[in-house]
Each structure stands twice: as structure tokens, then as C-alpha cells.
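Me: Could you walk me through how the helices and aromatic rings in this one fit together?

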Amino acid sequence: MSNRKPVHLAVYDTYADWETGHTTAWLARGGYEVRTVAEGADAVRTIAGVRIQPDDALAQLRPEDSSLLVLTGADLWDTGDALAPFARKAREFLAAGVPVAAICGATAGLAREGLLDDRAHTSAAPFYLAATGYEGAQRYVEADAVTDASGLLVTAGPTEPVAFAREVLRLLGVYEGEVLDAWYRLFHDSDAEAYAVLEAAGR
């Protein structure tokens, strides 16, 4: 049994199924419990219609009880303020020195909350975040995924779930060095030679 604090995965209707699968699966394999957190106790439905029954309530989630908050994309990020409470929780986590990882539409939620104004970040495209009216355009990085200088914030666009996972796995120390590089080459580039590196490392 791992004594690590759980990773909390935010879930909500229209959750983008494909964006955090690599992240959560390999965190679990690395010894982290993954717990889902939602605003209420009712089940939510992903974009695919998959039903998720949340483990925890957002209002009761404390940064000190978590290793990481993961915010995935969802149509709801772009259709109103329904998911704003999750961005506010991200603010709470960052203020407490607990990491946050956001992909796709969740990056726009963080931008609206002002959390990207002073941190290096990326997303789907610069114009996508610019539409939020945020003040962090000069900190936008053209990269597959970005971890900011504080080591507390990971961001990525919707087409980079593997790069997103790479940054999270590095951040939480699940993989590092040549093993992390091999993991990325295997799952992103289908590099068969990378499998031997992972096998040799017992991963």
C-alpha cells in the first residue's frame, strides 16, 4: 500500500475521455491512488457517455490531502461558468504549493481565473486563450506540454495527452531520465526500441 497522497481527477459532464487516460493509468501503476472529484454526489457523463460516479466532493477537497489536481478538457469550459469552481480550487492548490495539471479547455478555465498571467503555459493555440481576455499571452509557449518554472503547473493542448502525461509523471517522480524518455517514445512515437529500456528498468 502506497503512503503517497492521492491524485485527484476532476470529473464533470462532457469530460474529454481521451485527454487524461495515460496520465491516470500510469500514475496508478506508479503507486498513486486516483480519486475522482466532482461538485456534487451525482454521477457525471463524459463526452463518450461513460458514467463516472465521483469519489469526493470538490468543496471538501483540501490541497494538503492531495498530491495533484488534474483538470481535463470538457465542452462546459467553453459554454459558461459551470466549471469555474474547479478553476478556483486550482487557485487554492497552487497557493498551497500543491501541483495542478490542466489540459485543453481546462487551460482556458485557468486563464479566466488569472492563473496563467504570470506562469509559463501552453494550450490548444494562443488565440484560444486570448479569447478569454487573460493577461498572460506573453507567457504562452509553443510546445506540446509545459511545466512552469515553479514546478507546480502543467498545461497541454487537446492533441497532446501523452506529452501531458510525460510532464505529470516527471513532476511526481514516477519516471525520470532515460526511462521517462523511453516511456514517451514508446507511447507517442511507437518506438519499439524504447520498450527494451522500460523492460530493463522493470517498468
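What follows is a short back-and-forth on helix packing, aromatic pairs and a covered helix, all from a predicted model.

Me: Let's start with α5 and α6: are they roughly parallel or roughly antiparallel?
Reply: Helix α5 covers residues 161-171 and helix α6 covers residues 177-189. They pack at an angle of about 165°, with their axes 10 Å apart. Angles over 145 degrees count as roughly antiparallel, so α5 against α6 is roughly antiparallel.

Me: And what's the handedness of the crossing, and how do the contact residues divide?
Reply: α5 passes α6 in a right-handed crossing. On the α5 side the contact uses V162, A163, A165, R166, L169 and R170, and α6 brings L180, W183, Y184, F187 and H188. By type, the residues of this contact come to eight nonpolar, one polar and two charged.

Me: W183 and F187 turn up in that contact. What kind of aromatic pair do they form?
Reply: Both sit in helix α6, four residues apart, about one turn of the helix. Their ring centres are 5.2 Å apart and the planes make 40°. An edge-to-face pair would need planes over 60 degrees apart and a stacked one under 30, so this pair is tilted.

Me: Of W183 and F187, which is buried and which is partly exposed?
Reply: The cut-off for buried is under 20% relative accessible area. W183 has 0%, so W183 is buried. F187 has 31%, so F187 is partly exposed.

Me: Which residues form one aromatic cluster with W183?
Reply: F187 is in the cluster, as you'd guess from its pairing with W183. The other members are W26 and Y175. So the full set, by the ring-pairing rule, is W26, Y175, W183 and F187.

Me: Now for Y12 and W77: how many residues apart are they, and what sort of pair do they make?
Reply: Y12 is in the loop between β1 and α1, and W77 is in the loop between β6 and α2, 65 residues apart. Y12 is buried at 3% relative accessibility, and W77 is buried at 2%. Their ring centres lie 5.8 Å apart with the planes at 85°, so the pair is edge-to-face.

Me: How many residues of α3 are buried, and what covers them?
Reply: Helix α3 spans residues 105-112, and seven of its eight residues are buried. These are G105, A106, T107, A108, G109, L110 and A111. The elements covering them include β6, α2, β7, α4 and β9.

Conventions. Residues numbered from 1 in each chain as written. Predicted model: local features only at pLDDT ≥ 70, side-chain atom pairs only at ≥ 80, totals over all residues. Heavy atoms only, no water. Axes fitted to C-alpha atoms, helices over the stretch in contact; angles between N-to-C directions. Helix = DSSP H or I, 4+ residues; strand = E, 2+ residues; numbered from the N terminus. Parallel < 35°, antiparallel > 145°, perpendicular 65-115°, else oblique. Left-handed = near helix turned anticlockwise from the far one by under 90°. Contact = heavy atoms within 4.5 Å. Nonpolar A, V, L, I, M, F, W, Y, C, P; charged D, E, K, R; others polar. Phe/Tyr/Trp six-rings, centres within 6.5 Å; stacked < 30°, edge-to-face > 60°. Buried < 20%, exposed > 50% of the residue type's maximum accessible area, 1.4 Å probe, protein only.
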